[in-house]
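Me: I am new to this structure and would like a close look at one part of it, the aromatic rings and their surroundings. Please take me through it slowly.

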Amino acid sequence: MLYWLLYPMADQFFAFNVFRYITFRSLGAAVTAFLLGVLLGPWVIGKLRELKYGQQIRTDGPQTHMAKQGTPTMGGVLILGSILVSVLLWSRLNSEKMWVVMFTMTGFGVIGFYDDWLKITKKNTKGLSGKLRLLCEFLIAGTVGYWVWTRGISTELSVPFIKEFTPDIGAFYVFLAMFVIVGAANAVNLTDGLDGLAIGPIIICSAAYAVLAYLTGHQKIADYLQLPFVPGAGELAVIGSAAAGAGLAFLWFNCHPALVFMGDVGALALGALIGSIAVLAKHEFLLVIVGGVFVIETVSVMMQVSWYKLSGGRRIFRMAPLHHHFEQVGWPETRVTVRFWIISIILALVSFSTLKLR
């Protein structure tokens, strides 16, 4: 919106128009989202506390978490609101890809909001039926995949470390997009179990994909790095930057001891946002590396459940997801969180190395 309002004015007063540069608008989006989150955070937290929207803690989880019972939840509305306002201010409003990501984020946010609301009103941790929630998620993700397939966007796959292998899967890309977006959303949701644990890797992943989207949308850079060039993908850098800025603002209040939790409304929406950027920027498989912390957490749950059923009640980890296992062996919550952040940073750096090691 600012682009359309200030672009003509900037042309009159500056020798070059800074608003045409995605890098400038991305930085503007990050700063705007951060300031909105920090300034509105106390009011949102106060309103959640006033409405008694408190977190319901699972009784089968670590007993030390019971002290968090009643902490305001659904703080994800603060993150999503900051992202939405910032993106609308700094993006080109004629970008179809921007609207697709906003549609995905909002759709998953509505699902998460309803799930959180059910948990709060029923005073338990069950919420929305798992099957119904997945059905709604796959419908939204399927819409995105179908849009990609019908809009003439390449359905060729870009595999990290391998530049010659680019299979075109055609209509099957719809199912891949569904798997990536839904998988990312639920992986983030599983990780959101400690103060600041999920939002740290979200910030890192969002920033990483902002850079990747910019590279993919710049034809000269994409050709040099032998990446698939996707026209208009650079605009997704604005969204990734806004998500990183909003995430930093939320971390201001979510660091230990947390004043607010993001809830499913935040976790599902942010995971879907990152997954949809990965799909539209043609870096689907790289998400396994960039979001490696989320992948590890999800795999730990799958391993625990599978082995428990096959072995007749035996466990691989003391508790799943993996962050609870480290809590059970004696790591303080802050140590688990910070070490997972460090791993996330390293994985993001590794993902960038794949752009040359191809």
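Is W117 buried, partly exposed or exposed?

Reply: In this predicted model, W117 has a relative accessible area of 36%, and because buried means under 20% and exposed means over 50%, W117 counts as partly exposed. Its ring partner is Y114, and the two form a stacked aromatic pair, with 6.3 Å from centre to centre and 15° between the planes. Both residues belong to helix 4 (residues 96-122), where they are 3 residues apart, about one turn of the helix. Y114 is likewise partly exposed, at 41% relative accessibility.

Another pair is formed by F326 and F340, whose ring centres are 6.2 Å apart and whose planes meet at 80°, so this pair is edge-to-face. Here the partners come from distant parts of the chain, since F326 lies in helix 13 (residues 322-328) and F340 in helix 14 (residues 333-353), 14 residues apart. F340 is buried, with 6% relative accessibility, and ring pairs join F326 and F340 with W331 in a cluster. Over the face of W331 lies R339, at 4.6 Å from the ring centre. In total, there are 6 aromatic pairs.

As for the wider setting, the largest nonpolar core has 91 residues, and those with the most contacts inside it include I199, Y209 and M262. Apart from that core lies another, of 7 residues, and F340 is among them, as are L194, V293 and L322.

Key: Residues are numbered from 1 along each chain as its sequence is written. This is a predicted model: local features need pLDDT of at least 70, side-chain atom pairs count only at pLDDT 80 or more; totals for chains, interfaces and linings use all residues. Side-chain values use heavy atoms; hydrogens and water are left out. A nonpolar core is a set of buried Ala, Val, Leu, Ile, Met, Phe, Trp, Tyr and Cys residues joined through side-chain atoms within 4.5 Å. Buried means under 20% relative accessible area, exposed over 50%, partly exposed in between (1.4 Å probe, protein chains only). Rings of Phe, Tyr and Trp (its six-membered ring) pair if their centres lie within 6.5 Å; planes under 30 degrees apart count as stacked, over 60 as edge-to-face and the rest as tilted. Helices (H or I, at least four residues) and strands (E, at least two) are DSSP runs, numbered from the N terminus. A charge sits over a ring if NZ of Lys or CZ of Arg is within 6 Å of the ring centre and within 35 degrees of the ring normal.
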